[in-house]
Amino acid sequence: MKKSFLIALSTLIISAVSVALFSSCDKETDCTLSVVVLDEENNNAPIQGVYVKVSKDNSEVNVEGTTDANGRFKATFKAPAIFDVVAQIETGESDPSTGERFYREGKNSVRLQEGQTVDCSVILLSERLRRY
């Protein structure tokens with residue numbers, strides 16, 4: 001009787017330790033970035049159709065896309081990091097003498113946290129830049 005009790009107790013302890021070890025592997029580590037692009041020319045209202053690039057210096061990590069109807073762009077990453085966020089939109093204007101197109105740009109940096117969604121705002125400045 002004592003022997004069967006020890007076997008049952010050992011089995012229970014081994015099962016509990018196994019569950020604890022394997023369940024810790026399921027930890028959520030993905031990081032989500034939610035970018036909203038705001039238009040300085042329109043009282044910082046969200047703006048649709050803006051090109052967004054999320055990148056990290058000296059890294060192959062590079063995510064691109066455009067903002068949705070709410071001025072948002074989302075991306076998910078496997079690990080925390082610090083990223084540069086650049087938003088650009090062409091103005092539709094060009095220099096008549098050179099044909100160079102103009103665009104507006106905004107920049108920000110963001111630090112992603114493990115298992116969390118981090119919000120980031122980027123304001124498109126009114127200044128026109130030339131695209132060479």
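**Notebook: surface, core and Leu 124**

I looked up the accessible surface of the protein first, and the total comes to about 8900 Å², with 52% belonging to carbon and sulfur atoms (Shrake-Rupley method, 1.4 Å probe). I note that this is a predicted model, in which local features need pLDDT of at least 70 and side-chain atom pairs count only at pLDDT 80 or more, while totals for chains, interfaces and linings use all residues. Side-chain values use heavy atoms, with hydrogens and water left out, and residues are numbered from 1 along each chain as its sequence is written.

For the fold, I found one helix and nine strands (DSSP runs, H or I of at least four residues for helices and E of at least two for strands, numbered from the N terminus), and the helix precedes the strands in the order α-β-β-β-β-β-β-β-β-β.

Of the 132 residues, 29% are buried (under 20% relative accessible area, 1.4 Å probe, protein chains only). I then looked up the largest nonpolar core (buried Ala, Val, Leu, Ile, Met, Phe, Trp, Tyr and Cys residues joined through side-chain atoms within 4.5 Å), which has 22 residues, with Leu 33, Val 35, Val 37, Val 54 and Val 85 making the most contacts inside it. Two or more residues of this core come from each of strands S1 (31-39), S3 (51-55), S5 (72-77), S6 (82-94) and S8 (117-124).

Lastly I checked Leu 124, which lies in strand S8 and counts as buried because its relative accessibility is 0%. Its contacts (heavy atoms within 4.5 Å), not counting residues up to four places away in sequence, include Val 37, Ile 47, Ala 87 and Arg 104.

How values were computed
Buried means under 20% relative accessible area, exposed over 50%, partly exposed in between (1.4 Å probe, protein chains only).
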